[in-house]
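Student: I'd like to work through this model with you. Can we start with one residue and then zoom out?

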Amino acid sequence: MNLRQNSIPELIWKGNLSVEVHQKENPLSYLANLPRQSYFAQILEDLKQLFAPTVSLEECWLSSGKASIKWHWPVGVLYDLLSHEDPDTTTSAPVLWHLEFHVGSFPSSLIVPMDSMDTFRSCFFNALKESDYVRNGSSSLVIALSKQETDSYWNSLLNHDFYDYRPIATKLFVSKSRIIPLKFYLGEDAPIVQTSASLGYTLGQVLQKHIPEFFPSDVTCSLLKPVLQGIVLPLTISTDLMNRDFCYPDGFLHIVLIPVSN
């Protein structure tokens, strides 16, 4: 299939996941197709109204299996990390991701509570400023956005509007900087490897430099393979291409490392 260069970010933006949220001993369930670029913070209030309308939002949280859901991480990153799905072997049939809604017994050592959308907005823009700082040595590009641009970017996330999102994202991410921010996830219980890389290199070279114990070669995956935006990436892909087309809205390249299937 031939793709125009500029269509790749739009195709990635259109990716979504089918989610079912339930609560123990409750016959109700919440079904939705959530964009990979969205956040569970955007539906937490709706879930509270469905399952526990009289409780405080701060008492509400989600889990996937034994893992607590971090509402301030992109949905796509959480799925790639927690679903244990291998995009190379998954069938084309939609997969329904089952999550559980909880009230109370809040796992405060694992996740932070969300009390309002203002909390989410602050958290999101702090992450955006952090990625800008990695790129430019300061958060100047994000800070320099006009109020109209800032509101437009925020609303593009809430409304999942690619045409409002992309011009500002391009302005922020495809800058004069030669540095890109990366986060590598080695498993749900493993620490995140947060680092940066220069443009002009391959992903394999970056992985060999920062995680050599799992990537002794920069051209062959023997133990782990990288997944970004639900796609298994070749180690030969350039950091330039990843930065241009694969960033999440917070400006980071969130790369989940999954076991190589034997």
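Student: Which strand holds Glu100?
Tutor: Keep in mind that we're looking at a predicted model. Residues 96-103 form one strand, and Glu100 falls in that stretch. So the strand you want is S5.

Student: Which side chain of opposite charge is nearest to Glu100, and how far away is it?
Tutor: Glu100 is buried, yet it has no salt bridge. A salt bridge needs a side-chain nitrogen of Lys or Arg within 4 Å of a carboxyl oxygen. The nearest candidate for Glu100 misses out: it's Lys24, at 4.4 Å.

Student: Which residues does Glu100 touch, leaving aside those up to four places away in sequence?
Tutor: Lys24 turns up again here, since contact only asks for heavy atoms within 4.5 Å. The full set of partners for Glu100 is Val21, His22, Lys24, Trp61, Leu62 and Ser63.

Student: Zooming out, what share of the contacts with a separation of 6 or more links residues 24 or more positions apart?
Tutor: The chain folds into nine helices and 10 strands. Among contacts with a separation of 6 or more, the share from residues 24 or more positions apart is 67%.

Student: What is the radius of gyration of the protein?
Tutor: The globule rule gives 18 Å for 262 residues. The protein comes close to that, so it's as compact as a globular protein of that length, with a radius of gyration of 19 Å.

Student: How far apart are the centres of the positive and negative side chains?
Tutor: There are 19 positive and 27 negative side chains to place. The centres of those two sets are separated by 8 Å.

Note on methods:
Residues numbered from 1 in each chain as written. Predicted model: local features only at pLDDT ≥ 70, side-chain atom pairs only at ≥ 80, totals over all residues. Heavy atoms only, no water. Helix = DSSP H or I, 4+ residues; strand = E, 2+ residues; numbered from the N terminus. Rg over C-alpha atoms; globule rule 2.2 N^0.38 Å. Lys, Arg positive; Asp, Glu negative; His and termini not counted. Charge placed at Lys NZ, Arg CZ, Asp CG, Glu CD. Buried < 20%, exposed > 50% of the residue type's maximum accessible area, 1.4 Å probe, protein only.
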